[in-house]
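Colleague: I should be grateful for a close look at one helix of this protein, taken together with the sheet on which it rests. Please set out how it is placed, what covers it, and which residues around it deserve attention.

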Amino acid sequence: MFRISPNSMGDDGTMTKGTRYTPEFKASAPNRLHVADITYVRMADGRSGYTAFVTDAFARCIVGWACATSMDTEELPLQALEQATARAAAHGGTDGLVHHSDHGVQYTGTVYTTRVMEYGTLPSTGTHSASPTCCWVMP
């Protein structure tokens, strides 16, 4: 259903180009494919607020999230990853779980990719011009 490039990890341990996917990119069961992304909202005072989400592609539900006023890796996406991983571990484990994200610096840096691998999940990134939202094209 989805293919992971064998070249997903660079020599320095960071994610490289990664997953090649088509509209058939889908999960066959819960906790097989998580998709991560960050969005922002402009607040009334002019500052931005950020939310990182990790979504289970099969269940179509948010399994990890965090909100912050900065996009710092340890403050935002790492907290969402930790929630999602804890939930997956409590519901069947993380063996074979693919963690998919875009090429944002928060997701491709050493801190984040190291943690993804420590949890036993498989890191995956899309092509530079593709948004992870195309993963939502499901029958």
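Modeller: The account below begins with the overall architecture, turns to the helix and its sheet, and ends with individual residues.

The model is a predicted one. The protein contains three helices and five strands, and along the sequence these follow the pattern β-β-β-α-β-α-α-β. Of the 139 residues in the protein, 41% are buried. Among contacts with a separation of 6 or more, 58% join residues that are 24 or more positions apart.

The helix in question is α1, which covers residues 77-90. It has 14 residues, and the distance from its first C-alpha to its last is 20 Å, close to the 20 Å expected at 1.5 Å a residue. Seven names make up the list of buried residues in α1: Pro 77, Leu 78, Ala 80, Leu 81, Ala 84, Thr 85 and Ala 88. Viewed down the axis of α1, these buried residues fall within an arc of 155°, so they line one face of the helix. The general background is that an α-helix has 3.6 residues a turn, so residues three or four places apart point the same way.

Which elements cover that buried set? The cover of the buried residues of α1 includes the strands β1 (33-42), β2 (48-56), β3 (61-68) and β4 (98-101), together with the helices α2 (105-108) and α3 (110-118). Just after α1, Gly 92 adopts a positive phi of about 110°.

The sheet beneath this helix can now be described. Five strands form an open sheet in the order β3-β2-β1-β4-β5, and their pairing is mixed. β3 and β5 (122-125) stand at the edges, where each has a single partner strand, so one side of each is left without a neighbour in the sheet. From one strand to the next, the twist averages 25°. Within the sheet, β1 and β2 pair in the antiparallel sense over nine bridges; Val 35, for example, has Thr 55 in β2 as its bridge partner. α1 packs on the sheet and touches β1, β2, β3 and β4, with its direction at about 150° to that of β3. A further helix, α3, lies across β1, β4 and β5 and runs at about 135° to β5.

Three buried polar residues fill in the surroundings, beginning with one that touches α1 directly. Asn 31 is located in the segment before β1. Its relative accessibility is 4%, so Asn 31 counts as buried. Beyond residues up to four places away in sequence, Asn 31 touches Asp 56, Ala 88, His 91, Gly 93 and Leu 97; of these, Ala 88 is also one of the buried residues of α1. The side chain of Asn 31 forms a polar contact with that of His 34, at 3.3 Å. Although Asn 31 is not a glycine, its phi is positive, at about 60°. Arg 60, in the loop between β2 and β3, is another residue other than glycine with a positive phi, near 55°.

Gln 106 belongs to helix α2, one of the elements that cover the buried residues of α1. With a relative accessible area of 10%, Gln 106 is buried. Apart from its neighbours within four places in sequence, Gln 106 is in contact with Ile 38, Met 71, Thr 73, Pro 77 and Tyr 112. Pro 77 in turn is among the buried residues of α1. The side chain of Gln 106 also reaches the backbone oxygen of Met 71 at 3.5 Å. The C-alpha atoms of Gln 106 and Leu 76 are separated by 8.8 Å, although the two residues are 30 residues apart along the chain.

The last of these residues, Ser 124, lies in strand β5, which stands at an edge of the sheet. Ser 124 nevertheless counts as buried, at 1% relative accessibility. Its side chain makes a polar contact with the side chain of His 100, at 2.8 Å. Ser 124 and His 34 are 90 residues apart along the chain, and their C-alpha atoms are separated by 9.7 Å. His 34 is the residue whose side chain also makes a polar contact with the side chain of Asn 31.

Methods: Residues are numbered from 1 along each chain as its sequence is written. This is a predicted model: local features need pLDDT of at least 70, side-chain atom pairs count only at pLDDT 80 or more; totals for chains, interfaces and linings use all residues. Side-chain values use heavy atoms; hydrogens and water are left out. Helices (H or I, at least four residues) and strands (E, at least two) are DSSP runs, numbered from the N terminus. The expected span of a helix is 1.5 Å times one less than its number of residues. Buried means under 20% relative accessible area, exposed over 50%, partly exposed in between (1.4 Å probe, protein chains only). The arc is that of the directions from the helix axis to the C-beta atoms. Contact means heavy atoms within 4.5 Å. Two strands pair if DSSP finds at least two bridges between them. Axes are lines fitted to C-alpha atoms, for helices over the stretch in contact, and angles run from 0 to 180 degrees between N-to-C directions. A polar contact is a pair of N or O atoms within 3.5 Å; within protein, one must be able to donate a hydrogen and the other to accept it, and residues adjacent in sequence count only if both atoms are side-chain atoms.
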